[in-house]
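Trainee: Hi! Could you walk me through this one?
Mentor: Gladly, let's have a look together.
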2 protein chains.
Amino acid sequence: MMSTKPRDPALICLGCWDQMRMPIPIRGPLSVPFRVCGITQSKMNPNICTICERSFRYVKKERHVSVSATILFADIRGYTDMTERMNQMAVSELVSTFQDRCAEAIWAHDGIVNKQMGDGLMAIFNFPIKNERHASAAVAAAVEIQKSCKSALDKLGAGGKDASPNRLGVGVGVHTGTVEIGEFSTFRSDFTAIGSPVNMAARLESEAGAGEIVVSPEVAAEVAEHMMGATTRVATLKGFEEPVTVHVVAAA
Amino acid sequence: MMSTKPRDPALICLGCWDQMRMPIPIRGPLSVPFRVCGITQSKMNPNICTICERSFRYVKKERHVSVSATILFADIRGYTDMTERMNQMAVSELVSTFQDRCAEAIWAHDGIVNKQMGDGLMAIFNFPIKNERHASAAVAAAVEIQKSCKSALDKLGAGGKDASPNRLGVGVGVHTGTVEIGEFSTFRSDFTAIGSPVNMAARLESEAGAGEIVVSPEVAAEVAEHMMGATTRVATLKGFEEPVTVHVVAAA
């Protein structure tokens with residue numbers, strides 16, 4: 001199993017280095033003039049910079065590119081139902097805790113938190129920080145997410161009025177393949193990923209119950225080290241004609 | 001029916017003005033020193049600035065606040081299925097067109113594009129630009145979205161290999177109520193909205209078929225001017241115990 005300790009803080013942007021071999025200081029004294037010019041750590045991952053985040057076209061010289069990547073979706077199971085039962089403060093705390101725990105796990109494995117949406121998020125592995133074993137990194141992050149969120153959600157659930165702690169849990173879906181990464185609206189400059197593997201990862205996440213990590217056969221084939229104790233089931237996923245044999249990774 | 005012409009470009013940030021009565025120049029000669037300091041037009045709406053977007057705590061002096069707002073969700077019906085049939089370039093063009101057309105319609109009614117996620121987006125009306133008739137503004141934007149996307153998607157659908165144009169369409173959901181607006185993770189500084197009305201709006205969008213605008217009874221009660229020709233149906237929405245009588249606004 002991969003290391004669970006946080007990735008060491010990098011002195012230069014790992015994204016600009018991996019994509020362009022350009023050393024952009026993001027920590028330490030050399031980073032000061034850059035920070036004055038607005039080049040700071042990205043919110044997607046503190047080891048990449050805002051050039052990676054907002055200047056995709058400058059980095060890649062294209063509006064979008066095809067990249068082999070692994071996509072991870074996570075969200076809180078039963079969130080809507082819980083929102084109806086818990087007060088706004090408790091819901092805020094729940095969402096913050098979930099987002100923070102997930103981000104830590106994703107960053108520890110060089111992924112980026114590309115999108116956050118309430119109780120959900122989407123992460124990309126292998127862009128802009130390169131990692132040949134991106135499927136494995138994503139599953140390691142997913143295992144971390146489950147462990148770290150479980151303890152946090154159990155604690156919050158016990159404190160929430162009328163909340164039944166046994167219904168709190170996170171669902172994670174992971175798929176790998178060739179995605180299109182770039183800017184897909186003329187007015188936003190932050191990049192994202194689209195394509196069939198992104199949709200598949202989202203559907204796998206929908207398929208995941210509380211505490212489950214559901215991965216595609218393609219991911220399972222690449223992460224033998226995580227497949228001990230995994231179970232399989234056949235799932236029909238919305239928008240995909242053929243049923244898929246999904247693998248449920250043991251998170252504990 | 002409300003005007004469909006784009007909102008006039010504002011010289012000062014309408015968000016900072018409405019929230020703090022602070023005139024922050026975003027266009028014209030007075031905006032130059034601000035732009036040098038990194039205070040520019042927000043990607044969420046070009047009539048607000050990056051202070052509104054990224055410095056919620058500075059603007060509101062709180063981590064989050066309760067606000068009466070209207071939430072709009074939109075996404076492309078059959079997108080996953082289309083992604084399987086169309087090439088990546090066509091999918092990219094489809095997503096860009098959808099996002100751009102939606103944003104124009106939302107901005108024309110002083111809403112903000114708070115989240116974009118592939119073929120979907122979430123918009124907020126009444127924050128940070130105030131508008132007492134926010135439910136009406138959101139439905140007017142929804143009608144615009146349907147009109148503007150229909151012509152664009154029909155065109156793209158006809159060009160797409162193997163794509164059946166009759167399956168292309170956008171679904172929109174609109175709900176209004178008191179939401180919690182603020183920052184909900186320690187590492188992101190862009191604000192968002194959470195709470196039951198946000199979840200309900202997302203579920204109404206899921207309920208919407210291609211070309212449909214599905215609104216809650218609360219929205220229907222506030223936008224009489226849009227309810228001519230509307231139909232109703234009873235829907236069971238995931239996470240909500242009681243079935244809801246939803247109103248389907250005539251978009252044409």
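Trainee: Which residue of chain A comes closest to the rotation axis?
Mentor: That is A:Gly38, whose C-alpha lies at 3.5 Å from the axis. A word on the source: this is a predicted model, where local features need pLDDT of at least 70, side-chain atom pairs count only at pLDDT 80 or more, and totals for chains, interfaces and linings use all residues. Residues are numbered from 1 along each chain as its sequence is written, while chains are lettered from A and ligands numbered from 1 in the order in which they are written.
Trainee: And what turn lays chain A on chain B?
Mentor: A turn of 180° with a shift of 0.0 Å along the axis does it, at an RMSD of 0.0 Å (least squares on the C-alpha atoms of residues with pLDDT of at least 70 in both copies). That is how a two-fold axis relates copies.
Trainee: How many residues does the contact take from each chain?
Mentor: It takes 35 residues from chain A and 35 residues from chain B, counting residues as in contact if their C-beta atoms, placed from the backbone, lie within 7 Å. H6(A) gives the most on the side of chain A, with eight residues.
Trainee: Why do you say the copies meet through the same surface?
Mentor: Because 100% of the interface residues of chain A are also interface residues in chain B.
Trainee: New topic: how many helices and strands has chain A?
Mentor: Chain A has nine helices and eight strands, which are DSSP runs numbered from the N terminus (helices H or I, at least four residues; strands E, at least two).
Trainee: What box do its C-alpha atoms fill?
Mentor: For chain A, roughly 50 × 45 × 35 Å along the principal axes.

Methods. Two residues are in contact if their C-beta atoms, placed from the backbone, lie within 7 Å.
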